[in-house]
Amino acid sequence: MLPTDVPLSHLGPSALLLLKLLLPPTSAFFPNIWSLLAAPSSITHQDLTEEAALNVTLQLFLEQPPPSRPPLHLKDFLDFYSHSNWVELGKQQPHPHLLWPRQELGNLAQVGDHTCLDCHESSCPGNLLGSTLLTSGYFGTHPSKPPGKCSHGGHFDRSSSQPPRGGINKDSTSPGFSPHHMLHLQAAKLALLASIQAFSLLRSRLGDRGFSRLLDISPASSLSFVLDTTGSMGEEINAAKIQARRIVEQRRGSPMEPAHYVLVPFHDPGFGPVFTTSDPDSFWQQLNEIHALGGGDEPEMCLSALELALLHTPPLSDIFVFTDASPKDAFLTNRVESLTQERRCRVTFLVTEDPSRGQGRARREVLSPLRFEPYEVVALASGGEVIFTKDQHIQEVAAIVGDSMADVVTLPLEPPVVVPGRPLVFSVDGLLQRVTVRIHGEVSSFWIRNPEGVSQGQEEGQGPLGHTRRFGQFWIVTMNDPPQTGTWEIRVTAKGNPRVRVQAQTSLDFLFFFGVPMEDGPHPGLYPLTHPVAGLQTQLLVEVTGLGSGGNPGHPLPHFSHVVFRGVPEGAELGRVPLEPKGPRERGLLAAALPPTLLSAAGAFSLELIGQDGGGRDLHRAAPQACAVVPVLLELSGPPGILAPGSKAPLSLHIASFSGPQDLDLTASVNSSFALTSNLSRVRLEQNESAWGRLWLEVPDSAAPDSVVTVTVSATGREASPVAPTYAFLRLLVLAPAPRDQLAAPAHSSGPVLTTASPAFRPSSLVTRGRAGGGLASNPWWGTLGGVLLLLGLASW
């Protein structure tokens, strides 16, 4: 384990991506971006959590760092050191009893004990009375501050203007925010030591694998298969088995070994059940028992099975769908599309069916040539592909796709779609290797030209630029390494709408998040969103990954200067804004405000980053997933307690419009064995208006502990509109509680509440659109402090 005084810059930017924070505005210590603006030398939540976690986890990931995960929230444990007078009491070590639920803190100030003197300045170094009692500061006016008690302090604390004035918080180095700013570094040091103790304790109790899963930083993503099991799928099922065995054997015991395995079969009229395991042998045994039996007619329940897989697959994973039929459940297209974006999962369809041919499977009805379009929509939204091939090629295609799972980036094309008479242009930089051009469709000819003018056509085999292979309607050209840097061109002649994608392997990539600035409350910060909302001022946060890999020592680091927004799928430029660095360049944290034109109406868009490498040459990277501006903010939050068999739990629904009148139908759904009722089915909102509703989830007595239930709410415009519905997803974990934790059935409220929403936007601190919070029950992956404290409590019994 590393000593605590090792600076973060020595740990490498790839390792720093293990834990990323988008903290609520009520946190102790500042969120990173705002602290860099308001108090540049302050130590932030992200600094403390990263360094503490890295001290404990770095030994797990020396060989190969894991891919980044969605944000981790760790704040309440750190509040003690920035908000109490523990530091002022002269303590040099963390509180010995803070980690243990059964231990009393001891020596606490009582209601009648005076603790602070009046201070009329921003900086209040001597305002604590000479007492040895442990105390903290009041914030705001509810409840009111008793006489003689300390305040939290700072610009946002209304109690700090009431005698005794001032405050004692040490959240930052700025006296305007923190009256005890001079003790900020001491408080941060103790918080860091306490965090290291907590992480070390968890690792010792849970083991390396359990510890990695607890923090949602497992060194590999899930391996998920969705398999059509009808009678015509023998070759595809064999290909899936071979590919699964290939991945399992190649990665067994390595840092990239999958942490989860998910398998969902489907046919018609059924789908499922879902099989999940962390044991590769169990997964292989289950997969080996699947055979192609019965059925054989088209269509099938593919999207229902894919939705089930998405709900059980960890974020940032790959999902492979093997089928030779179109979807019978195409009505699920928009919901599955939204779910892939919320989960950040990439979905690849391997389809052994020519959409233009008329023979093959038996059909109960005449099917449209566009019947596979739902697959195209989901693949585009998730950053995946739809690959049409033939039975005899499926094993080779599956192997190619499986081998390209790790460290692959998509290179921007200009224009992004094939336009007759125009070449597709892309740039290759010196950090790329194993460049591949993938072409889908009824292609009659194509050629590729490198920056030196050397060309290669569609002839299969080795050419001057690389090796070409064809598998039905799928062409792949693997360029020779190292690829020529500079501008490349592709020309394609084909029937219909061919699709072209250029991918390459590199460590330099980026992650992105959206957030709404929060300037009120005890601390400024960003409220995270899954999607931007029309009419709502939104910030884009970019985390550049792999900055320390592949470059020349001593040379300047690569950097990105602008972000380009394009419409999907036509590729028209919707805006171009500069990226502002936040903190040291090696941190790779960038921010930009989304242009108002992009937020003026709902619709899909893509992200591209442009910049320069260390030698001043152009860099281009594209986000693999499309994004969307949604018409309304839709939030779904969980019950205040745990979810138990036989209980009835209240859920909260919030919907807000910031762009104009919205007349919406609201629908809610849940797992088949659960009952769900709602008091809000339709709402009409004017601009800057919000509505709140209530749902009641009834958990059957037969619900198994540790099972996951998913609640989905959709908001659909009543008038004809090309804009897709807005969705919110809430995953809840059923637990077996102690008797005191049983939930009483809530009383039904009389109806929904309609109020005006401030244009400044003041959302609930519990949830984000499509990613709900609200207690332990809402997070089956245990990526919250609640899960940490619960496990610590269990460990102490």
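Helices and strands are taken here as DSSP runs, of at least four residues for helices and at least two for strands, numbered from the N terminus. On that basis the model, which is predicted, has 13 helices and 35 strands. Leu316 is placed by this numbering in the loop between α8 and β5 (318-323). Of the 797 residues in the protein, 56% are buried. Among contacts with a separation of 6 or more, 74% are accounted for by residues 24 or more positions apart.

The largest nonpolar core holds 37 residues, and the members that touch the most others are Leu540, Val563, Phe565 and Leu607. Two or more residues each are given to this core by the strands β17 (509-518), β18 (525-529), β19 (539-545), β20 (559-567), β23 (589-593), β24 (603-612) and β26 (627-629), and by the helix α12 (596-599). Strand β17 supplies the largest share, with five residues. Another core lies apart from this one; its 29 residues include Val226, Phe266, Val347 and Val378.

The surroundings of Phe565 were examined individually. With residues up to four places away in sequence not counted, Phe565 touches Leu540, Ala572, Glu573, Leu574, Gly575, Val577, Leu594, Pro595, Leu598, Phe605, Ser606 and Leu607. Two of these, Leu540 and Leu607, are themselves among the core members that touch the most others.

Leu589 is located in strand β23. Because its relative accessible area is 11%, below the 20% limit, Leu589 counts as buried. Leu589 is separated from Val542 by 47 residues in sequence, yet the C-alpha to C-alpha distance between the two is 5.9 Å.

Helix packing was considered next, with attention to α9. The axes of α8 (residues 302-312) and α9 (residues 333-343) come within 10 Å of each other and cross at roughly 25°. The two helices are therefore roughly parallel, and their crossing is left-handed. On the α8 side, the contact is made by Leu303, Leu306, Glu307, Leu310 and Leu311; on the α9 side, by Thr333, Arg335, Val336, Leu339, Thr340 and Arg343. By class, the residues of this contact are six nonpolar, two polar and three charged.

Helix α9 also packs against α10 (373-382). The axes of α9 and α10 come within 8 Å and cross at roughly 20°, so this pair too is roughly parallel. The crossing of α9 and α10 is right-handed, whereas that of α8 and α9 is left-handed. Thr333, Val336, Glu337, Thr340 and Gln341 of α9 meet Pro374, Val377, Val378, Ala381 and Ser382 of α10. This contact has five nonpolar, four polar and one charged residues. Val378, on the α10 side of the contact, is also a member of the core of 29 residues.

Thr333, Val336 and Thr340 take part in the contact with α8 and also in the contact with α10. Eight of the 11 residues of α9 are buried, so the helix is largely enclosed by the rest of the structure. The buried residues are Thr333, Val336, Ser338, Leu339, Thr340, Gln341, Glu342 and Arg343. The elements covering them include α8, β6 (346-351), α10, β26 and β34 (726-733). Strand β26 thus appears in two settings, since it also gives residues to the largest nonpolar core.

Two residues other than glycine with positive phi were noted in loops that follow these helices. Phi of Leu316 is near 60°. Leu316 counts as partly exposed because its relative accessibility is 26%, which falls between the 20% and 50% limits. Just after α9, Arg344 takes a positive phi of about 55°. Arg344 is found in the loop between α9 and β6. With a relative accessibility of 21%, Arg344 is likewise partly exposed.

Cis peptide bonds before proline were also noted. The bond from Glu414 to Pro415 is cis, with omega near -5°, and Pro415 has its place in the loop between β9 (408-410) and β10 (424-428). Asp481 and Pro482 are likewise joined by a cis peptide bond, with omega about -10°. Pro482 is found in the loop between β15 (474-479) and β16 (486-505).

How values were computed:
Residues are numbered from 1 along each chain as its sequence is written. This is a predicted model: local features need pLDDT of at least 70, side-chain atom pairs count only at pLDDT 80 or more; totals for chains, interfaces and linings use all residues. Side-chain values use heavy atoms; hydrogens and water are left out. A nonpolar core is a set of buried Ala, Val, Leu, Ile, Met, Phe, Trp, Tyr and Cys residues joined through side-chain atoms within 4.5 Å. Buried means under 20% relative accessible area, exposed over 50%, partly exposed in between (1.4 Å probe, protein chains only). Contact means heavy atoms within 4.5 Å. Axes are lines fitted to C-alpha atoms, for helices over the stretch in contact, and angles run from 0 to 180 degrees between N-to-C directions. Angles under 35 degrees count as roughly parallel, over 145 as roughly antiparallel, 65 to 115 as roughly perpendicular and the rest as oblique. A crossing is left-handed if the near helix is turned anticlockwise from the far one by less than a right angle, and right-handed if clockwise. Ala, Val, Leu, Ile, Met, Phe, Trp, Tyr, Cys and Pro count as nonpolar, Asp, Glu, Lys and Arg as charged, and the others, Gly among them, as polar.
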